[in-house]
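Here are a few exercises to work through with the viewer open. Try each task before you read its solution.

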Amino acid sequence: TYTITNSCGTSGSNVIVTVNVCTTPVSGYTVSDSTICEGGCIVIADASSSGVTWEWTFNGGTPLTSNVQNPGTVCFNTAGNYTIEQIVSNGFGADTTTSTVVVNATPTISAGANVTLELGQSTTLNATGTNGTYTWTPPTWLDCPTCVSPISTPEQTITYTVIVVDSNGCQSTDQVTVFVDFEYVIWVPNIFSPNGDGVNDFLVFKNLEYVKNNSILKYDN
């Protein structure tokens, strides 16, 4: 309000000043995990306020960039430390938040070369690679499924998978096949378990064709 007074009287005028609330954006986001294994993925969710536009950069990630509010899943295929950056903007300014994702390397593992045995023979499997916890599957005919070098005495050809889990929780696998040669060997099992678990469900006889006369008798208790 402006007022002027003189001998003729008083006069004045008003000017209205409007003050708008100018809210600047505040950036922020959440990640499902900040430490993952090579080839793993994280989920990123926006937690900013007062934003109108969003610019994302995922160094080393797939995808590399995004401009949606919630980018969702981002994957990292190479080991290393990578920066995530979010820039949130509106008509009154911008704000930036960054964080780091640690991507651990995949452990190395080798189950060794395939082996061929005669029925009744044994072989020592030997896994080599990154230090960690080793597990062989299936455990069938192994003396120690959680040892690095178990002994296998198979009754038929079998493929083993060895799994190593390192100190970062990352894992890798490899396979080895032990072939059992039944040539000229008459093999008759003394037990079988028809319970549908995929192991010894059928009573199988090997190489009976080498016997001129043969018969099978079944006894019920």
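## Exercises on a predicted model

**Exercise 1. Follow strand β5 into its neighbours: which strands does β5 pair with, and in what direction do they run?**

Solution. Start with β9, residues 72-76: four bridges tie this strand to β5, and the two run antiparallel. Keep in mind that what you're looking at is a predicted model. For a concrete pair, pick Cys41, whose bridge partner in β9 is Cys75. Now turn to β3: three bridges connect β3 with β5, again in an antiparallel arrangement. Here Val31 has Ile44 of β5 as its bridge partner.

**Exercise 2. Sort the side chains of β5 (residues 41-46) by face: which ones are buried?**

Solution. Begin with the general pattern: in a regular strand, side chains alternate between the two faces of the sheet. Next, apply that to β5: Ile42, Ile44 and Asp46 point to one face, and these are the buried ones. Cys41, Val43 and Ala45 point to the other face and aren't buried. Finally, link this back to the pairing: Ile44, from the buried set, is the residue that bridges to Val31.

**Exercise 3. Work out the surroundings of Ser172: is this residue buried or exposed?**

Solution. First place Ser172: the residue sits in strand β19, which spans residues 171-181. Then check the relative accessible area, which is 16%. The cut-off for buried is under 20%, so Ser172 counts as buried. Leaving out residues up to four places away in sequence, its contacts are Thr106, Pro107, Ile109, Val162, Ile163 and Val164. With Pro107 you can go down to atoms: the Ser172 side chain reaches the backbone oxygen of Pro107 at 3.4 Å.

**Exercise 4. Now try the opposite case, Val19: where does this residue lie, and which patch is it part of?**

Solution. Locate Val19 in the loop between β2 (9-13) and β3 (29-31). Its relative accessibility is 71%, and the cut-off for exposed is over 50%, so Val19 is exposed. Then look for its partners: Val15, Val17 and Val19 make up a nonpolar surface patch, with about 360 Å² of accessible area together.

**Exercise 5. Hunt for unusual backbone geometry: which peptide bonds are cis, and which residues have a positive phi although they are not glycine?**

Solution. Recall the baseline: most residues other than glycine have a negative phi, and most peptide bonds are trans. Take the peptide bonds to begin with. The bond from Thr62 to Pro63 is cis, with omega near 5°, and Pro63 is in the loop between β7 (61-62) and β8 (65-66). Thr137 and Pro138 are also joined by a cis bond, with omega about -5°; Pro138 is in the loop between β16 (133-137) and β17 (151-152).

Now phi. Ser50 has a positive value of about 65° and lies in the loop between β5 and β6 (53-58). At 37% relative accessible area, Ser50 is partly exposed. Trp141 has a positive phi of about 65° as well, and belongs to the loop between β16 and β17.

**Exercise 6. Zoom out to the chain: how many helices and strands are there, and what share of the residues is buried?**

Solution. Count the elements: zero helices and 19 strands. Of the 221 residues, 27% are buried. For the surface, you get about 13800 Å², with 51% belonging to carbon and sulfur atoms.

How values were computed:
Residues numbered from 1 in each chain as written. Predicted model: local features only at pLDDT ≥ 70, side-chain atom pairs only at ≥ 80, totals over all residues. Heavy atoms only, no water. Patch = residues over 30% accessible without salt bridge, like charges linked within 9 Å, V, L, I, M, F, W, Y side chains within 5 Å. Areas by Shrake-Rupley, 256 points an atom, 1.4 Å probe, with all protein chains shown as cover. Salt bridge = Lys/Arg side-chain N within 4 Å of Asp/Glu carboxyl O. Buried < 20%, exposed > 50% of the residue type's maximum accessible area, 1.4 Å probe, protein only. Polar contact = N/O pair within 3.5 Å; in protein donor to acceptor, adjacent residues only side chain to side chain. Contact = heavy atoms within 4.5 Å. Pairing = 2+ DSSP bridges.
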